[in-house]
Amino acid sequence: MANSGWAWHLFAAPAVWIARLRRVPVVINYRGGGAEEFFTRSFFWVRPTMCMADRLVVASRFLQQVFARFGLTAEVIPNVVDVSRFALRSAHSCSYSGAPRLIVTRNLEPIYDVAT
């Protein structure tokens, strides 16, 4: 799992280099709507590590297009939820209000369009 900024430089990139040194295949699963800005600023440093990966994976066509603009080929594996595995709580549950609840596990930033 990788994303933009210092998280890339401090966590993802070293993991990729260590895996390569140990001859372990690497799949970079890149997340984050700030990829274009990050690549624009830091691609000189990011590209060599990206090119070491056996596969680049992103969660959206948007990110796939960003990667393509920088000459990288990424495969889209979307985030999916099998809704058949989940059910609303019963009306007998003491905390059930009758209305479904939405949990957002993203940063509350405009780029993620949480309102939609």
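What pattern does the protein chain follow when read along the sequence? In this predicted model, the chain runs α-β-α-β-α-β. Put as a tally, that comes to three helices and three strands. The chain has 116 residues, and 28% of them are buried. Contacts that reach across the sequence are easy to find here: among those between residues at least 6 apart, 55% join residues at least 24 apart.

Next comes the inside of the protein. The largest nonpolar core has 24 residues. A few names stand out as having the most contacts inside this core, namely W8, I28, Y30, F39, M50, L56 and F67. Several elements chip in with two or more residues each: α1 (6-21), β1, α2, β2 (55-58) and α3. Of these, α2 gives the most, with seven residues.

Helix α2 also turns up in a helix pair. Two packed helices are described by the angle between their axes and the distance between the axes. For α2 (residues 35-52) and α3 (residues 61-69), the axes come within 10 Å and cross at roughly 65°. The crossing of α2 past α3 is right-handed. On the α2 side, the residues that meet the partner helix are A35, E36, F39 and M50, while α3 brings L63, V66, F67 and R69. Sorted by type, the residues of this contact are six nonpolar and two charged, with no polar ones. Some of these names have come up already: F39, M50 and F67 are among the residues with the most contacts inside the core.

Two single residues deserve a look of their own, starting with N29. This residue sits in strand β1 (residues 27-30). Is N29 buried or exposed? Its relative accessible area is 19%, and the cut-off for buried is under 20%, so N29 counts as buried. The side chain of N29 is joined to that of R31 by a polar contact of 2.8 Å. Setting aside neighbours within four places in sequence, N29 touches M1, A2 and V57.

The other residue is R23, found in the loop between α1 and β1. Where N29 is buried, R23 is exposed. The relative accessible area of R23 is 73%, and the cut-off for exposed is over 50%, so R23 clears the mark. The backbone of R23 has something to show as well: phi is near 60°, a positive value in a residue other than glycine.

Technical notes. Residues numbered from 1 in each chain as written. Predicted model: local features only at pLDDT ≥ 70, side-chain atom pairs only at ≥ 80, totals over all residues. Heavy atoms only, no water. Axes fitted to C-alpha atoms, helices over the stretch in contact; angles between N-to-C directions. Helix = DSSP H or I, 4+ residues; strand = E, 2+ residues; numbered from the N terminus. Left-handed = near helix turned anticlockwise from the far one by under 90°. Contact = heavy atoms within 4.5 Å. Nonpolar A, V, L, I, M, F, W, Y, C, P; charged D, E, K, R; others polar. Buried < 20%, exposed > 50% of the residue type's maximum accessible area, 1.4 Å probe, protein only. Polar contact = N/O pair within 3.5 Å; in protein donor to acceptor, adjacent residues only side chain to side chain. Core = buried A, V, L, I, M, F, W, Y, C linked by side-chain atoms within 4.5 Å.
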